[in-house]
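Here is a walk through one protein chain and its ligand. Keep the structure open beside the text and find each residue as it comes up.

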Amino acid sequence: MSKLDTALAALSTGFSGTLIRPADAAYDATRQVMYGGFDRRPGAIARAKSAADVQAVVNAARQSGVELAVRSGGHSNAGHSTLEGGLVLDLREMKAIAVDAAAETAWAETGATAIEVTKAALEHGLVVGFGDAGSVGIAGITLGGGVGYLARQWGLTIDSLLAVELVTAGGRVRIVDAAHEPELFWALRGGGGNFGVATRLKFKLRPLPEFTGGMLALPATPETIAGFVAAASAAPEALSAIANVMPAPPMPFLPKEAHGKLIILGMLAFAGPAAEAEKAIAPFRALGKPYADFVKPGPYTQMYPPEDPNYHPTAAGRNMFVNRLGVGEAGTILDTLEASDASFRVTQIRVLGGAVARVPVEATAYAHRKAPIMLNLAAFWTTPEDRVKQEAWVERFMASLKQEVTGAYVNFLADEGPERVAVAYPGATGERLAKIKAQVDPDNLFRHNQNIVPTK
Ligand SMILES: Cc1cc2nc3c(=O)[nH]c(=O)nc-3n(C[C@H](O)[C@H](O)[C@H](O)COP(=O)(O)OP(=O)(O)OC[C@H]3O[C@@H](n4cnc5c(N)ncnc54)[C@H](O)[C@@H]3O)c2cc1C
């Protein structure tokens with residue numbers, strides 16, 4: 001009997017979810033992940049309905065030795081939530097969300113997405129920050145850190161994480177928090193999916209009675225890009241900003257003469273009163289004549305416009321941090337994007353600082369608190385040959401922007417190998433994670449991820 005068959009035999013009792021095999025009608029739709037380029041065919045997909053189901057799958061995988069991938073939102077840039085031939089544990093049916101409005105907390109099952117938790121909390125005028133896409137799973141984004149529109153005001157998602165219900169490699173369900181399992185809780189705040197399967201997350205929620213935000217599209221020049229970064233760095237912490245420097249899509253909300261030209265597609269989010277928001281956003285509006293200005297008061301959910309579930313881009317991407325982004329660096333970005341022949345290419349600039357930087361570096365496994373600016377560089381590819389070319393392009397692009405600061409954010413790493421995982425978890429952070437991994441997952445059952453190798 002194969003390892004997979006042994007695991008499936010074990011799941012024939014004590015598993016209340018759905019097992020989907022290659023012959024099943026739902027197989028192709030279920031194995032699809034967000035990014036294209038990962039056309040993998042798992043031997044089976046186990047869609048869990050409860051923590052007990054997750055325990056059953058973890059036990060079956062451990063005892064049979066079958067390869068196991070864990071999937072929640074399916075947005076892994078590295079394709080880690082699917083695999084060829086093994087078993088995928090799929091949590092997407094576990095979406096229960098319980099908001100305790102009086103305590104300003106919420107427990108959410110990890111099959112929920114960012115938009116689902118955001119909507120549930122906002123019904124009570126409360127919020128927790130995730131990232132810039134509503135379809136991202138709360139499991140992956142939270143366990144890696146969580147850098148989003150409320151970061152400068154309230155920190156990373158992990159800075160609002162109070163507890164994790166975790167199924168460990170040994171098949172136990174543990175409630176992990178700062179009081180009970182401080183070391184493991186430290187590791188779960190940035191260490192990704194290495195330490196077990198999170199089945200529920202408990203968040204601290206913040207009141208958000210007023211919010212202003214949306215998209216501001218500006219011409220991209222060295223001066224406007226550098227000005228955007230300077231404005232975002234100088235803004236009150238209630239404002240978090242992301243600049244996407246990219247060719248303007250041929251959308252009706254952008255003037256025809258801009259289509260195909262490099263623009264700044266800025267996303268601005270102000271967590272506070274409208275009058276203060278106007279003041280904070282004015283410096284961005286003054287950078288140039290906006291092509292489009294959709295920044296307005298409204299619910300926080302307006303930051304998450306509807307997404308096309310059939311959008312599966314194939315992208316080569318790199319993540320890095322920089323200390324400064326002035327006119328010189330902005331010129332390099334524009335020249336490099338201009339010279340690219342990729343159908344789509346982008347430099348995403350996220351200005352951090354604020355509450356992110358106030359948490360001590362050693363307090364969580366996210367080690368890049370002091371880095372003020374995060375960059376994501378990406379180009380779409382079409383064929384395997386083009387993929388090689390675009391991968392080389394992002395590598396060169398990253399090298400051209402390199403400064404004295406190092407580091408990478410684990411949730412934006414592609415499948416780049418152990419050296420880049422070590423960049424995401426440098427020095428003492430990586431050593432501490434490896435020791436905790438050795439305690440809770442000594443055989444590295446959870447290895448389809450940005451892997452931390454257990455070290456005694
Ligand atoms: C369009 C897009 C926008 C993004 N924007 C942001 C952003 O603004 N800010 C940001 O911080 N990140 C962002 N990300 C990155 C995102 O945080 C990561 O891709 C994250 O891992 C996705 O989580 P997921 O649950 O959707 O992914 P999955 O692919 O399901 O999982 C990703 C990883 O987490 C592990 N994992 C999944 N579920 C569990 C679980 N229940 N328990 C333990 N481990 C688990 C998997 O093994 C895998 O290694 C974005 C990604 C995309 C594609």
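Which residues form a nonpolar patch on the surface? Met-251, Phe-253 and Phe-294 do, and together they have about 260 Å² of accessible area. Bear in mind that this is a predicted model. Phe-253 is a good place to look. This residue sits in the loop that joins strand 13 (239–247) to strand 14 (262–270). Its relative accessible area is 31%. Phe-253 is therefore partly exposed, since that class runs between 20% and 50%. A patch residue needs over 30%, and Phe-253 has 31%.

Now turn to the ligand. Its surroundings comprise 35 residues, of which Ser-72, Ser-81, Asp-132, Val-147 and Tyr-409 come nearest. By type, the shell holds 14 nonpolar, 18 polar and three charged residues. Which elements supply the shell? Strand 3 (68–71), helix 5 (138–144) and strand 10 (197–204) each give at least two residues. Helix 5 provides the largest share, with four residues.

Backbone atoms also approach the ligand. A polar backbone atom of Gly-73 is 2.9 Å from a ligand oxygen. Gly-137 also places a backbone N or O atom 2.9 Å from an oxygen atom of the ligand. At Ala-198 the ligand atom is a nitrogen, and a backbone N or O atom lies 2.8 Å from it. How much of the ligand does the protein cover? On its own the ligand has 950 Å² of accessible area, and the protein covers 93% of that.

Asp-132 leads on to the charged pairs. Side chains of opposite charge can pair when their charged atoms come close. This structure holds 25 salt bridges. In one of them, Arg-350 pairs with Asp-132, and the closest N and O atoms are 3.1 Å apart. This pair links distant parts of the chain. Arg-350 belongs to strand 18 (residues 345–351), while Asp-132 lies in the loop between strand 7 (126–127) and helix 5, and 218 residues separate the two. Are the partners buried or partly exposed? Arg-350 has 3% relative accessibility, so this residue counts as buried. Asp-132 has 31%, so this residue is partly exposed.

A second bridge joins Glu-183 to Arg-432, with 2.9 Å between the closest N and O atoms. Glu-183 is in helix 7 (residues 182–188) and Arg-432 is in helix 14, so the bridge ties together parts 249 residues apart in sequence. Glu-183 is partly exposed at 35% relative accessibility. Arg-432 is partly exposed at 28%.

A third bridge pairs Glu-395 with Arg-318, and here the closest N and O atoms are 2.7 Å apart. Glu-395 lies in helix 12 and Arg-318 in strand 17 (residues 315–322), so this pair ties together parts 77 residues apart in sequence. Glu-395 counts as partly exposed, at 36% relative accessibility. Arg-318 counts as buried, at 7%.

Salt bridges also link into a network. Its members are Arg-47, Lys-49, Asp-90, Arg-92 and Glu-93.

Next comes Glu-416, in the loop between helix 12 (384–401) and helix 13 (418–424). What does its side chain reach? One partner is the backbone nitrogen of Ala-414, at 2.7 Å. Another is the side chain of Arg-420, in a polar contact of 2.6 Å. Glu-416 is at 16% relative accessibility. Buried means under 20%, so Glu-416 counts as buried.

Finish with the backbone. Most residues other than glycine have a negative phi. Glu-104 has a positive phi, near 55°. This residue lies in the loop between strand 5 (97–100) and strand 6 (105–109). At 24% relative accessibility, Glu-104 counts as partly exposed. Asn-444 is not a glycine either, and its phi is positive at about 55°. Where is Asn-444 found? Look in the segment after helix 14 (427–440). Asn-444 counts as buried, with 12% relative accessibility.

Conventions
Residues numbered from 1 in each chain as written. Predicted model: local features only at pLDDT ≥ 70, side-chain atom pairs only at ≥ 80, totals over all residues. Heavy atoms only, no water. Near = heavy atom within 4 Å. Polar contact = N/O pair within 3.5 Å; in protein donor to acceptor, adjacent residues only side chain to side chain. Areas by Shrake-Rupley, 256 points an atom, 1.4 Å probe, with all protein chains shown as cover. Nonpolar A, V, L, I, M, F, W, Y, C, P; charged D, E, K, R; others polar. Patch = residues over 30% accessible without salt bridge, like charges linked within 9 Å, V, L, I, M, F, W, Y side chains within 5 Å. Salt bridge = Lys/Arg side-chain N within 4 Å of Asp/Glu carboxyl O. Buried < 20%, exposed > 50% of the residue type's maximum accessible area, 1.4 Å probe, protein only.
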